[in-house]
Amino acid sequence: MLINNAGVGYFGAVESYDEKQIDTVLNTNIKGTILLTQALLPMIQTVKGRVLNIVSTAGLRGKVHESLYSACKFAQRGFTESLPKGICQRRHFLYRGVYGRYADPILGCTHSH
């Protein structure tokens, strides 16, 4: 089973993000999900494995000061929902998004994502 769970976020007003932060969030949250899935998909299909993407509720609706993070999670959700449609003749593995809560020791709180 492949579990795509890596994620990073910078939070604040959209004008506060610098290019390095934008690249970090996009590369980790969406590009990483796509590239790892792409690299492992042949093996996953061969062994009838599963792919599980952890997608935040930020991929369902925008939130205050989370425009960059939400953009990635919307993209990740679209990727998650679209992949099985392109390989519908190979229904032997599960591909889905998961939404939930997480405890974030960096922020010192629990968020609904």
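The exercises below, each with a worked solution, concern a predicted model.

**Exercise 1. Describe the course of helix α1, from its N-terminal cap to the residue that follows it.**

Begin at the N-terminal end, where Asp 18 acts as a cap, with a side-chain oxygen 3.1 Å from the backbone nitrogen of Lys 20. The helix itself runs over residues 19-46, and its 28 residues reach 39 Å from the first C-alpha to the last, which is close to the 40 Å expected at 1.5 Å a residue. Next, look along the axis for a bend: a kink of about 50° lies at Leu 40, shortly before the proline Pro 42. Then consider which side chains are covered, and the buried residues of α1 turn out to include Val 25, Asn 29, Ile 30, Thr 33 and Thr 37. Several of these positions can be read against the helical repeat: an α-helix has 3.6 residues a turn, so residues three or four places apart point the same way. Finally, α1 is followed by Lys 48, whose phi is positive, near 55°.

**Exercise 2. Work out where in the structure Val 51 and Asn 53 of strand β2 lie, and which residues they approach or contact.**

Start with Val 51, which is found in β2, the strand of residues 51-54. Its relative accessible area is 1%, and because the cut-off for a buried residue is under 20%, Val 51 counts as buried. The C-alpha atom of Val 51 is separated by 6.0 Å from that of Ile 3, although the two residues are 48 apart along the chain.

Turn now to Asn 53, which lies in the strand β2 and is likewise buried, with a relative accessible area of 0%. The side chain of Asn 53 makes a polar contact of 2.8 Å with the side chain of Asn 4, and another polar contact, of 2.9 Å, joins it to the side chain of Thr 80.

**Exercise 3. Determine what sets the backbone of His 65 apart, and whether this residue is buried or partly exposed.**

First locate the residue: His 65 is in the loop between β2 and α2, the latter comprising residues 67-86. Its phi is positive, at about 60°, although His 65 is not a glycine. As background, most residues other than glycine have a negative phi. In the last step, the relative accessibility of 45% places His 65 among the partly exposed residues.

**Exercise 4. Find the salt bridge in the model and explain how its two partners are placed in helix α2.**

The count comes to one salt bridge, and it is formed by the side chains of Arg 77 and Glu 81, at 3.0 Å from N to O. Because the two residues are four apart in helix α2, they are separated by about one helical turn. As to accessibility, Arg 77 is partly exposed at 23%, and Glu 81 is also partly exposed, with a relative accessible area of 41%.

**Exercise 5. Identify the aromatic pair, classify its geometry, and state which parts of the chain it ties together.**

A search of the whole structure finds one aromatic pair. Its members are Phe 11 and Tyr 69, whose ring centres are 5.4 Å apart and whose planes stand at 55°, so the pair is tilted. Because Phe 11 lies in the loop between β1 and α1 while Tyr 69 belongs to helix α2, the pair ties together parts that are 58 residues apart in sequence. The accessibilities complete the description: Phe 11 is partly exposed at 35%, whereas Tyr 69, at 9%, counts as buried.

Key
Residues are numbered from 1 along each chain as its sequence is written. This is a predicted model: local features need pLDDT of at least 70, side-chain atom pairs count only at pLDDT 80 or more; totals for chains, interfaces and linings use all residues. Side-chain values use heavy atoms; hydrogens and water are left out. The expected span of a helix is 1.5 Å times one less than its number of residues. The bend at a residue is the angle between axes fitted to the seven residues ending there and the seven starting there. Buried means under 20% relative accessible area, exposed over 50%, partly exposed in between (1.4 Å probe, protein chains only). A polar contact is a pair of N or O atoms within 3.5 Å; within protein, one must be able to donate a hydrogen and the other to accept it, and residues adjacent in sequence count only if both atoms are side-chain atoms. A salt bridge is a side-chain nitrogen of Lys or Arg within 4 Å of a carboxyl oxygen of Asp or Glu. Rings of Phe, Tyr and Trp (its six-membered ring) pair if their centres lie within 6.5 Å; planes under 30 degrees apart count as stacked, over 60 as edge-to-face and the rest as tilted.
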